[in-house]
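Please look through the sequence and the model shown here. The text below it deals with cysteine links and with one pocket.

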Amino acid sequence: MLLLHRRTSILYISAIVTTGYFVAFHYSNFQMQRKTPGKNLKDAKLHVNRTYIPQKNLKDAKLHVNRTYIPQKNLKDAKLHVNRTYIPHIIHQTWNDYNVPETFASWIRTWKRNHPKWKYCFWSNSDVQKLLQKRWPHILPIYRKYPANIFRADVRKYIILYEFGGVFVDLDIESLKPIDLFSQKPCFLSLEPRAHSLLLYDMPSLVSNALMGCRPHHPFFKYVIENLPKAARYGVMEATGPKLLQQRYIEYTKRPHIFPEDSVFSIEPDVFQPSFDSGINYARKCHKRHMLSNYDALCKKLSRQRFSNVPPPKHAYTDHKWTHTYLGNWERKEGRQRTDVHNIIRSVITGAEIIANLSSYIDHMDEPI
């Protein structure tokens, strides 16, 4: 009996010790889980546990972004890096200065008429040079050395979209209806008409830089800008234009593990650019390729249209007029009559205003009017 009692006591004590270790182990784990994963956080706002949405009742889902990571490791300015997953409601346009050719006035007004709650920003060449000096000083010498303004006009688009986000639109594009639906994407590029990509460039598709939308600081446009020096020796199409953009788009989309907020979408031509450039002899182009099946369907369609544009389809949001302002003869024929952009859009925000108050504009750029 005495031996049995001793054995029972030993088993009882062992159970207590084991239970104590078990409780201590799990309590330690619980305490570790309760700790904030970052150490010595100076600003709790900048530390976001990116595996969940901390707020249960979001008043404005657009302003609260469910971040899953911070792509940059060393953020110099946390205010400038806001990993938005949507495109802010800002329309950007540009010209050499604020005196715009009168030809564009009616098309410019369509954008504000169809997007009354969007901000409208207008950038001159001088504005973007100042922005480059502040944000991309190593690109500025290349920008200044380009042989013609059309090169610089292309680069302006990429810089503006990267820094501020929004939708960039060429002056010769007419808005047919609101494009708010597309602002839900992180980034999109319009495609040129098939008549251009197939018959002019022998390519199945070609992205266009005439109309593009993107969230601010999207890595795609950072990639485009950083690679501008490599292409500076080529002609305009390959150095800054659609062919450059097409090549960078192909390279970028081949990257493995692109996060959803870093994706780029291409939009079919009949949505944004249903009309082709009417100054080209497509009948001759089709005649040269009549034996190739790849072009057969397109050429038959153009033939039925008598190689002329037809009215945009009902599902089109915009229409490109293809004025080719970079050609010298256009400037002499149609570009002489000018009007100040302030007389076209009363609520215009100029690049000069933005540069003068850069940090303030960046903080509040996507707030509604």
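The paragraphs that follow take up the disulfides and then the second largest pocket. The model is a predicted one.

A disulfide is a covalent bond between the sulfur atoms of two cysteines. To be counted here, the two sulfur atoms must lie within 2.5 Å of each other. By this rule the structure has 2 disulfides. When the bonded cysteines are numbered in sequence order, they pair as 1-2, 3-4.

One disulfide is formed by Cys-187 and Cys-214, with an S to S distance of 2.2 Å. Which parts of the chain does this pair tie together? Cys-187 belongs to strand S6, which covers residues 187-191, and Cys-214 belongs to strand S7, which covers residues 207-214, so the bond ties together parts that are 27 residues apart in sequence. The angle about the S-S bond is -110 degrees, and the link of Cys-187 and Cys-214 is left-handed. Is Cys-187 buried or exposed? Buried means a relative accessible area under 20%. Cys-187 counts as buried because its relative accessibility is 0%. Its partner Cys-214 also has a relative accessible area of 0%, so Cys-214 is buried.

The other disulfide joins Cys-286 to Cys-299, whose sulfur atoms are 2.1 Å apart. Here the bond connects helices: Cys-286 lies in helix H12 (residues 282-288) and Cys-299 in helix H13 (residues 293-304), so parts that are 13 residues apart in sequence are tied together. The link of Cys-286 and Cys-299 is left-handed, with -90 degrees about the S-S bond. Both Cys-286 and Cys-299 are buried. A further cysteine, Cys-121, has 0% relative accessibility and therefore counts as buried.

The next topic is the second largest pocket. Its volume is about 770 Å³. Which residues of its lining are closest to its centre? Out of 36 lining residues, these are Ile-150, Asp-170, His-324, Thr-325 and Tyr-326.

Several elements contribute to this lining. At least two residues each come from helix H5 (149-164), strand S4 (166-169), strand S7 and helix H9 (236-239). H5 gives the largest share of the lining, with 6 residues. Strand S7, one of the elements that supply the lining, is also the strand in which Cys-214 lies. Sorted by class, the lining of the second largest pocket consists of 17 nonpolar, 11 polar and 8 charged residues.

Definitions and conventions
Residues numbered from 1 in each chain as written. Predicted model: local features only at pLDDT ≥ 70, side-chain atom pairs only at ≥ 80, totals over all residues. Heavy atoms only, no water. Helix = DSSP H or I, 4+ residues; strand = E, 2+ residues; numbered from the N terminus. Buried < 20%, exposed > 50% of the residue type's maximum accessible area, 1.4 Å probe, protein only. 1 Å grid on protein atoms, 1.4 Å probe; cavity = no way out; pocket = protein on both sides within 12 Å on 5 of 7 lines; lining within 4 Å. Points joined across faces, edges and corners; volume = space filled by probe spheres on them. Nonpolar A, V, L, I, M, F, W, Y, C, P; charged D, E, K, R; others polar.
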